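Subject: Structure handover

Hello,

Here is the structure for you to look over. My notes on what turned up follow below it.

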Amino acid sequence: MGTYVGKWDCPLCGTKLIPGWKDGKTVELCPACGGPSTGKWYLDSRDMVVADAADVAKAKSKRAWKCGHCSKINDGADQDCDACGNPRDLSTDDKQFISREYAPQNVPTAGDDVENPNVEGVNENPAASEVGFSRSAKERMGAEAADKRRRKIRLFKIIGIAAGGLMLLLFMLLWKKEIPVIVTGFAWERNVDIEVYGPHSESSWSSPPAGAYSISTATEIHHYNTIVVGRDCHTESVSVVCGTTDNGNGTFSDRYCDESQEVCVDRTVEEPVYATKYYYTIDRWGFDHTEKAAASNHDPYWPSYAYTTSDPG
C-alpha cells in the first residue's frame with residue numbers, strides 16, 4: 001500500500017505545491033513566507049513517496065489539529081500549539097482533521113480542487129473516514145449528466161435525420177427520368193470446361209463405391225476425443241487500488257480491496273479413435289482444362305474442341 005506526500009498552496013504569498021509532510025511531521029508553515037498551513041491538501045502526483053516504515057505508520061495513525069485559540073494547524077504529535085502555546089485538550093475548540101476517502105477518479109489534484117476540510121473534537125484515536133469528492137469530480141459528474149442529456153438530444157436528431165434521409169432515398173428510387181445513352185463497344189466470351197474419363201486414386205472412411213478396384217485398407221486415427229479426467233480448482237485473491245485516503249495530515253494513502261475468485265481448470269486427455277480407411281482406384285470423369293471463345297461482335301459461338309463427340313449446344 002503506497003503512502004504519498006500531499007501538497008498545499010499558500011494563500012498569503014501564492015507559493016504552490018508546498019509538501020504537506022516532511023521528516024515524519026505535518027508541514028505547518030509556508031517555506032517562502034512563513035504563513036500557516038491551510039489544511040487543504042491535494043495529491044497532484046505520486047512522485048513523493050513516504051518510504052520509511054515508521055513515517056508510514058505515523059502518517060496513518062495521527063491527524064493534524066487546528067488550535068481553537070489562534071487557528072494554527074499543528075502536527076498530530078504536538079500537545080501544545082506551536083504558535084500560542086495552547087494545550088491540546090477536549091475542553092477547548094481544538095479540532096482535528098477528519099480523513100477523507102476518495103474514489104480513484106475523485107482525488108483532488110490541485111489547490112482549487114480541495115473543499116474545506118472537516119474537523120472534529122481532538123481525539124487520540126483516528127476517527128472514521130468520510131466519503132469525499134473533489135471540486136473537479138463534482139464538476140465532472142455534472143458535466144457527465146449534461147453530456148448524457150446532450151447525447152439523448154443528439155440521438156433524437158440523428159433519428160430525425162435518418163428518417164428524412166430514408167424518405168429522400170425512397171423519393172429518388174421512385175423518381176424516374178429517361179437518359180439517352182450510346183453504346184461504344186461490345187464484347188463476349190464463352191468458356192467450356194473439358195473433362196477426361198480415366199483412373200483416379202481416392203480414399204474414403206466408408207466402403208469403396210461400385211466400380212472401384214485396387215482396393216486396400218489401413219487402420220488409422222480417424223479423430224481424437226477430449227476426455228475430462230478431473231478438475232483443479234483454486235481461489236485467487238487479487239489486490240487492487242479501489243480508493244485513496246487523505247490521512248488528514250498532509251499525506252495520502254492508497255486503499256486496496258481484495259477481490260477473490262474461484263478459478264477451475266479441467267484436466268483432459270486426448271484419446272485417439274481408430275477406424276478403417278479404404279484406398280482404391282476408380283474410373284470417372286474429371287476436369288482437364290477450359291476451352292475459351294471470345295470476340296467483339298454480335299455473333300457469339302461456343303468454343304470447339306477436336307476431341308469432343310457431343311454438341312455443346
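A disulfide here is a pair of cysteine sulfur atoms within 2.5 Å. By that cut-off, Cys 242 and Cys 257 form one, with their sulfur atoms 1.9 Å apart. Please keep in mind that this is a predicted model.

**The disulfides**

How many disulfides does a search of the whole structure find? It finds two.

Take the link of Cys 242 and Cys 257 a little further. Its S-S torsion is about 70 degrees, so this disulfide is right-handed. Cys 242 sits in strand S13 and Cys 257 in strand S14, so the bond ties together parts that are 15 residues apart in sequence. Both ends are partly exposed: Cys 242 has a relative accessible area of 22%, and Cys 257 has 29%.

The second disulfide joins Cys 233 and Cys 264. Their sulfur atoms lie 2.1 Å apart. The link of Cys 233 and Cys 264 is right-handed as well, with 115 degrees about the S-S bond. Cys 233 belongs to strand S13 (residues 213-246), while Cys 264 belongs to strand S14 (residues 251-295). This pair links distant parts of the chain, 31 residues apart. Cys 233 is partly exposed, because its relative accessibility of 42% falls between the 20% and 50% limits. Cys 264 is also partly exposed, at 27%.

Count the bonded cysteines along the chain and the disulfide pattern reads 1-4, 2-3.

**Cysteines without a disulfide**

Cys 10 is in no disulfide. The nearest cysteine sulfur belongs to Cys 33, 3.5 Å away. A pair must come within 2.5 Å to count, so that distance rules Cys 33 out as a partner for Cys 10. Is Cys 10 buried or exposed? Cys 10 is buried, with a relative accessible area of 3%.

Cys 70 is in no disulfide either. For Cys 70 the nearest cysteine sulfur is that of Cys 81, 3.4 Å away. Cys 70 counts as partly exposed, at 33% relative accessibility.

**A four-stranded sheet**

One open sheet has four strands. Their order is S7-S6-S8-S10, and the pairing is antiparallel. Which strands form the edges? They are strand S7 (73-74) and strand S10 (119-121), each pairing on one side only.

Inside the sheet, strand S6 (residues 65-66) pairs with strand S8 (residues 95-97) in the antiparallel sense. Two bridges make up that pairing. In one of the matches, Trp 65 has Gln 96 of S8 as its bridge partner.

**The chain as a whole**

The protein chain holds two helices and 14 strands. Its radius of gyration is 42 Å, whereas a compact globule of 313 residues would be near 20 Å. Along the principal axes, the C-alpha atoms fill a box of roughly 125 × 70 × 35 Å.

Buried residues account for 28% of the 313 residues. The chain exposes about 20500 Å², and carbon and sulfur atoms supply 55% of that area. Now the contacts. Among those between residues at least 6 apart in sequence, 69% join residues at least 24 apart.

For a first look, I would start with S13 and S14, the strands that hold Cys 242 and Cys 257.

Best wishes

Notes. Residues are numbered from 1 along each chain as its sequence is written. This is a predicted model: local features need pLDDT of at least 70, side-chain atom pairs count only at pLDDT 80 or more; totals for chains, interfaces and linings use all residues. Side-chain values use heavy atoms; hydrogens and water are left out. Two strands pair if DSSP finds at least two bridges between them. Buried means under 20% relative accessible area, exposed over 50%, partly exposed in between (1.4 Å probe, protein chains only). The radius of gyration is taken over C-alpha atoms; the globule rule is 2.2 Å times the number of residues to the power 0.38. Contact means heavy atoms within 4.5 Å. Accessible areas come from the Shrake-Rupley method with a 1.4 Å probe; for residues, only the protein chains shown count as cover.
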